[in-house]
Amino acid sequence: MSEKKTLTFCLMDAPFENARTTTALRLIDSAVRRGHNVNVFAYEGAVGVPFSKQSAHANSVHGFEKEEWNHPLPKDWVTELMKHAEKSGAKVDWINCGLCVDERGMNEAVPGVRRGSPGDFVSWANASDNTLVIPTK
Amino acid sequence: MATTLNIIESAYRATIEEQDDTVVWITHAMKGAGADLTVLLRGNAVNYAVSGQQAPQVSFGEWQQTHAAEIDKDIVALMTKGVAVYVSGEDLVKRGISLTGLIAGVKTTDREGVLDLIENHDRVWHW
C-alpha cells in the first residue's frame, strides 16, 4: 500500500435522492480499502445518511418480502465502512452538522457518528492531505 | 494557513426554509472558525451579488415568517469579515444583470480571472 493519507469529505445530499450519495460512499470505500483514513462532515440533508431509524421494506411490485428484497440502507453502508476501516487499520470519522440534525429531528445516528459544527470541517481540512466537497444541487 | 476558494454555483436552494443560503451560511461559519476563504459566485449564484433583494415572507395559515433570507446582506457581511467576493462577469452578462446593480465591494472577474483564482488558492471547493 502507498503511504497512508487522510482524506476529508463534505457531503450535502440526503439519502435516497440521487447517485451522488452512493458515489461519495463508494469513493470513501475505495479509500478505506487502501487503508486511508477518511473524515466525513455531513452537512444539511446528508445528516440523514447515517440516520439509525432507516427501515427496509418489502417490494410488492417485484413480489419480494422484506427479507428477500434486502433493500439498501445507507446507515448500514456507513456502519460497514467504519467496520471495514477498523479491519484495514484505517478510520472513518463521521461528524453530523448539529444544527442540520436539529432542524430535521435526526438525532439518532448509527454508532460512531458524532455531532459537530463547520469548525470541525475546517480543522479536518487543515489537517488532511486532501478535501472533497460533494454539494447538493 | 491554507487558502480556500469557495465557488458557489448552486443558488436559491431551500432559501425559504433555511432563511439563508446554506453555503453562504457555512462560509460565514468556517470564516468564524479561522478558515482563510475567498468566494466566487458563478452560475445562478451571481444573482446573490445584486443589491436590494427582498424575499417575501412566506405564510401558512396563521404562521408568518419573520426572517426571510437576505442574501445580498449576507454577502456584504462576508466582505466585512474580510472575505473577498468575486462574481463571474460572463454569468452576469448571460443573465442580463447590470454591473451598476451590484453590491459595493464585489469584484467581477472573467474566465482568465477564474483560472488565476484557482491557481492562487491551495484548495477549491465547488458548491
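## A guided tour of two chains

Begin by selecting strand β5 (residues 84-88) of chain B, which is mostly covered, with four of its five residues buried. A residue counts as buried if 20 or more other C-beta atoms lie within 10 Å of its own, as exposed if 12 or fewer do, and as partly exposed in between, with C-beta atoms placed from the backbone. Strands (E, at least two residues) and helices (H or I, at least four residues) are DSSP runs, numbered from the N terminus.

This is a predicted model, in which local features need pLDDT of at least 70 and side-chain atom pairs count only at pLDDT 80 or more, whereas totals for chains, interfaces and linings use all residues. Residues are numbered from 1 along each chain as its sequence is written, while chains are lettered from A and ligands numbered from 1 in the order in which they are written.

**The sheet of chain B**

Keep β5(B) selected and add strand β2 (residues 36-41) of chain B; the two pair in the parallel sense over four bridges. Strands are said to pair if DSSP finds at least two bridges between them. Within this pair, L41(B) stands opposite V87(B) of β5(B). Next add strand β6 (residues 107-109) of chain B, which pairs with β5(B) in the parallel sense over three bridges. Here T108(B) of β6(B) is the bridge partner of V87(B).

Now include helix α4 (residues 89-94) of chain B: together with β5(B) and β6(B) it makes a right-handed β-α-β unit. Right-handed means that, with the strands pointing away from the viewer, the path from the first strand over the helix to the second runs clockwise.

Widen the selection to the whole open sheet, whose five strands have the order β6-β5-β2-β1-β7 (chain B), with parallel pairing. β6 and β7 (123-126) of chain B are at the edges and have a single partner strand each, so one side of each is left without a neighbour in the sheet. On average, neighbouring strands of this sheet are turned by 25° against each other, direction ignored. Axes for such angles are lines fitted to C-alpha atoms, for helices over the stretch in contact, and angles run from 0 to 180 degrees between N-to-C directions.

**A helix across the sheet**

Select helix α2 (residues 22-32) of chain B, which lies across β1 (3-8) and β2 of chain B and runs at about 160° to β2(B). Its buried residues are T22(B), V23(B), V24(B), I26(B), T27(B), M30(B) and K31(B). Which elements cover them? They include α5 of chain A together with β1, α1 (15-18), β2 and α3 (71-80) of chain B. Just after α2(B), G34(B) takes a positive phi of about 105°.

**Where the chains meet**

Move to V122(A), in helix α5 (residues 118-127) of chain A. V122(A) counts as buried because it has 24 C-beta neighbours inside 10 Å. V122(A) touches M30(B), A33(B), G34(B) and A35(B), not counting residues up to four places away in sequence. Contact here means that the C-beta atoms of two residues, placed from the backbone, lie within 7 Å.

The contact between the chains takes 13 residues from chain A and 14 residues from chain B. On the side of chain A that touches chain B, α5 and β5 (130-134) of chain A each give two or more residues. With five residues, α5(A) gives the most to that side.

**The sheet and helices of chain A**

Select the five strands of the open sheet in chain A, in the order β4-β3-β2-β1-β5 (chain A), with parallel pairing. β4 (113-116) and β5 of chain A stand at the edges with a single partner strand each, so one side of each is left without a neighbour in the sheet. From one strand to the next, the twist averages 20°. Strand β2 (residues 37-42) and strand β3 (residues 92-97) of chain A pair in the parallel sense over five bridges, and V40(A) stands opposite W94(A) in β3(A).

Then select helix α1 (residues 19-33) and helix α3 (residues 74-87) of chain A, which pack at an angle of about 10° with their axes 10 Å apart.

**Last stop: the core**

Finish at L11(A), which touches residues including A24(A), V40(A) and I134(A), not counting residues up to four places away in sequence.
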